[in-house]
Amino acid sequence: MKILSFSDLHVDYNSAELKRDLTGEIADCIKRIAPDRVIVAGDMAGGAERCIRYIEEIQERSGVPLSYVPGNHSIWAASKDGDSWQQYERLRAHPSSLIDKPLALTDEWVLVGDMGWYDYSFGLTQKTRAEIVKDKSMIWKDSVMARWGMEDEELTDRMLDKLRKQFEQLRGKRIVFANHFIPYVDYAPLSQRPEHPMGKVWNMIRPFMGSTKLGEQLDQYENIEYVIFGHKHWRHGVEERNGKQIVCNPLGYVKEWVTDDFATEIRSAATLIEL
Ligand SMILES: [Fe+2]
Ligand SMILES: [Fe+2]
């Protein structure tokens, strides 16, 4: 069983930047690698409708089934589109969704996933909660576009509760887990030059990168053998940690790439997992 993992394809933004539709080239990359299934760990595009359109196009053009969990961009909602729960529900109802629906890959292996969220735990050693909330309103677009009607910590806890129930039911299985956000604080950006303008921004967005509670929860289950996430646009490839294979290998935005060649970048962001 071969699983091909991606995250943060940002197809809308990157297609606009490169002035062409990238779904065909993404499908070509998938066809060349020929996996049994593709998993995309969030941020396919902005808003549920666009995510679904790209999911279906990539699936159709590659001929390979695609599983999806939303990222923060996926649930962005302008006020005319209702709130973020409506975006989340639309993605949840789509056949590609892993939300509340673990997918048996083989008799042995199961794919489990959800969006996840962030709870400021990555920033609370540097700043107070009030400072983090103020930073969020100044620089983080989720403050306007991600509208849940609850605090970020409560949303994170809801995500963790749903996942814990699934992990408990799947104790006899080997698990590939995917969510959008960072589970381990050492993957969160922390600038060594906090006075530098870019360093300042990195440290300001750190609280919105993930949750230490997620990592603690994952570490309670030895049968979770693969942990896939993105959100941070920095490619680590695959690394081993506490007996788990950690996959953080997002595509990210054109301006963040090393080359200006899409085929090279999408290939470098494609991670093959052989079970
Ligand atoms: Fe992203
Ligand atoms: Fe993201």
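This passage describes the metal sites, the nonpolar cores, the sheet and one helix of a predicted model.

Local features were taken at pLDDT of at least 70 and side-chain atom pairs at pLDDT 80 or more, whereas totals for chains, interfaces and linings use all residues; side-chain values rest on heavy atoms, with hydrogens and water left out. Residues are numbered from 1 along each chain as its sequence is written, and chains are lettered from A and ligands numbered from 1 in the order in which they are written.

Two iron ions are described, with donors defined as N, O and S atoms within 2.8 Å of the metal (3.2 Å for Na, K and Ca); water is not among the atoms, so sites may look incomplete. The iron ion (ligand 1) is coordinated by Asp8 (OD), His10 (NE2), Asp43 (OD) and His233 (NE2) at 2.0 to 2.4 Å, and these residues follow the spacing D-x1-H-x32-D-x189-H. The iron ion (ligand 2) has as protein donors Asp43 (OD), Asn72 (OD1), His180 (NE2) and His231 (ND1), at 2.2 to 2.3 Å. A distance of 3.4 Å separates the two ions, and Asp43 coordinates both. Asp43 lies in the loop between strand E2 (37-41) and helix H3 (48-62), and His231 in the loop between strand E7 (224-229) and strand E8 (237-241), so the pair ties together parts that are 188 residues apart in sequence. Helices (H or I, at least four residues) and strands (E, at least two) are DSSP runs, numbered from the N terminus.

Four donors count as tetrahedral if all angles lie between 85 and 135 degrees; four count as square planar and six as octahedral if opposite donors are over 155 degrees apart and all others between 65 and 115, and anything else is irregular. The site of the iron ion (ligand 1) is irregular, with angles of 89 to 174 degrees among its 4 donor atoms. Around the iron ion (ligand 2) the angles are 89 to 163 degrees, and this arrangement is irregular as well. Burial means under 20% relative accessible area, exposed over 50%, and partly exposed in between (1.4 Å probe, protein chains only). Asp43 is buried at 1% and His231 at 7%; Asp8 and His10 are both buried.

A nonpolar core is a set of buried Ala, Val, Leu, Ile, Met, Phe, Trp, Tyr and Cys residues joined through side-chain atoms within 4.5 Å. The largest has 41 residues, and those with the most contacts inside it are Met115, Trp117, Trp148, Phe167 and Phe177. Its largest share, 5 residues, comes from H7. A second, separate core of 30 residues includes Leu4, Cys29, Ala48 and Ile266. Contact means heavy atoms within 4.5 Å; among the residues touched by Trp117 are Asn72, Trp148 and Phe181.

An open sheet of 6 strands has the order E4-E5-E6-E7-E9-E8, with mixed pairing, where two strands pair if DSSP finds at least two bridges between them. Strand E4 (103-104) and E8 stand at the edges with a single partner strand each, so one side of each is left without a neighbour in the sheet. E6 and E7 pair in the parallel sense over 4 bridges, and Val176 stands opposite Tyr226 in E7.

In helix H2 (residues 23-33), the buried residues include Ile26, Cys29 and Ile30. Buried residues of H2 pack against elements including strand E1 (2-6), helix H1 (11-18) and helix H10 (262-269).

How values were computed:
Lists of a residue's contacts leave out its neighbours within four places in sequence.
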